[in-house]
Each structure stands twice: as C-alpha cells, then as structure tokens.
Amino acid sequence: RTERRGVFPGEEWEERSPEQAGLSLGGLQQFSQLVGGRGCVVRDGYLIYSWGDISRSADIASAGKPFYSHLLFRAIESGLLESADDSVLPFQPCLNDLNADLGYKDRLLTFRHLAFQTACLGYVDPAGGAFDYNDRTMGFFWDTLVNRVFDIPWTDANEQLFRPELTGH
C-alpha cells in the first residue's frame, strides 16, 4: 500500500479528477443525486467532485462532531486526559456552583457524557441520565477541549490545533 499525501486547501481548492483520486465519477454522480442540495467530496485535501453552489457558506452542524471525538481521543493519547471518564470539573470550575437545587448534579459531568451527548446540562436529569441533543452543550464540549484541555486560545486554535490535526502539518 502506498502512502497518500494530502494538501491543505488555501484560498482556492486544488482539484483532481475522481479518477486521479481513485473514485468513480458515476458513483459520485449517483451519490449527489441521492443526497441533493449542494456539497463536495474532498480527498487528501483535493476537491474531487462538487454539486450545487458550494461557494455559499453553510452551517456544518453535526458534521463537526467526529472531530470533537478526535480531539478527545487526541487529548487522551497525549496525556492531557487519562480517559473519557475524566471529570470535566477541573477544566470548568463553574460546574461547582450550578444547580444547587438539583444537588449540584453537574459536578459529576465527564468527557464521556459530553461526547455521548448525555451531559444533560440545563435539564433536571443527571449527567448520563438521558440523551441530550443540545447545541449549547456541544459548544461547551468544544470550548472545554480547545480552550481548557489543550489550553489554546481561540486566536491560536487554527494554527496550533486544527491545521495540524486535520492536515498532519
């Protein structure tokens, strides 16, 4: 197996044909018709195929969640966290003071609860007590990982964390 080396996109994406990327043009056309709307396929940092108006900005919503998990595993691998079951409290001391009327339930929050969307922040359920599809909680997870666990301010996150993790350099 040969190692593929990718590129990091700049202002303009470098393009490759589906065939150059080892993909089927017919299969990509079928896929784009199935999902509709607009989108693109990127492989190794090259734009391989696109449909619809990809020049418009869009909210990527849940598409970023695998990257949150990647960062969580990277934090464990690099020794910043021992496991996904580590408490969030040392990184977010504000949890100490929340929900006194609910027995300070958020003090028991772990990174696993955040990753599995069972944190129940803002709800009466205890951490792990219910599935909680909540964008604010995912934002809290993201901020905790980047700003507190990796200790990188947002102004430096792209250069120090996102680019190296997404491109390998």
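Let's start with R163, which counts as partly exposed because its relative accessibility is 27%. Keep in mind as you look around that this is a predicted model. The partner of R163 is E159: the two form a salt bridge, with the closest N and O atoms 3.9 Å apart. Both residues sit in helix α5, 4 residues apart, or about one turn of the helix. E159 has a relative accessible area of 53%, so it counts as exposed.

While we're on salt bridges, a few of them share partners, and R74, E77 and E165 are joined that way into one network. Within that network, the side chains of R74 and E77 meet in a salt bridge at 2.3 Å, N to O. Why are R74 and E77 about one helical turn from each other? Because they are 3 residues apart in helix α2. R74 has a relative accessible area of 29%, so it is partly exposed, while E77, with 59%, is exposed.

The structure holds 6 salt bridges, and one more worth clicking on is the pair E14 and R16, whose side chains meet at 3.9 Å, N to O. Are these two buried or exposed, or something in between? E14 is partly exposed, because its relative accessibility is 42%, and R16 is partly exposed as well, at 31%.

Now go back to helix α5 and look at it as a whole. It covers residues 154-167, and at 1.5 Å a residue those 14 residues should span 20 Å; the C-alpha atoms at its ends are 19 Å apart, so the two figures agree. The helix does have a bend, though, of about 25° at L161, and a proline, P164, follows within four residues. L161 is also one of the buried residues of α5, alongside A157 and F162. What covers these buried residues? The cover includes α2 (65-77) and α4 (135-149). Just past the end of α5 comes G168, which has a positive phi, near 80°.

Helix α4, part of that cover, is also where you'll find T137. T137 has a relative accessible area of 3%, and since anything under 20% counts as buried, T137 is buried. Which residues does T137 touch, once you set aside its neighbours within four places in sequence? It is in contact with L114, A119, L121 and D132.

For a different view, swing over to helix α1, residues 25-35, where F31 is found. F31 has a relative accessible area of 38%, so it is partly exposed. Together with L34 and V35, F31 forms a nonpolar patch on the surface, and the three have about 310 Å² of accessible area together. Q29 lies in helix α1 too, and it counts as partly exposed because its relative accessibility is 35%. If you want a sense of distance, pick Q29 and A100: they are 71 residues apart in sequence, and their C-alpha atoms are 55 Å apart in space.

Notes. Residues are numbered from 1 along each chain as its sequence is written. This is a predicted model: local features need pLDDT of at least 70, side-chain atom pairs count only at pLDDT 80 or more; totals for chains, interfaces and linings use all residues. Side-chain values use heavy atoms; hydrogens and water are left out. Helices (H or I, at least four residues) and strands (E, at least two) are DSSP runs, numbered from the N terminus. The expected span of a helix is 1.5 Å times one less than its number of residues. The bend at a residue is the angle between axes fitted to the seven residues ending there and the seven starting there. Buried means under 20% relative accessible area, exposed over 50%, partly exposed in between (1.4 Å probe, protein chains only). Contact means heavy atoms within 4.5 Å. Patches are made of residues with over 30% relative accessible area and no salt bridge: like charges are joined within 9 Å, nonpolar side chains (Val, Leu, Ile, Met, Phe, Trp, Tyr) within 5 Å. Accessible areas come from the Shrake-Rupley method with a 1.4 Å probe; for residues, only the protein chains shown count as cover. A salt bridge is a side-chain nitrogen of Lys or Arg within 4 Å of a carboxyl oxygen of Asp or Glu.
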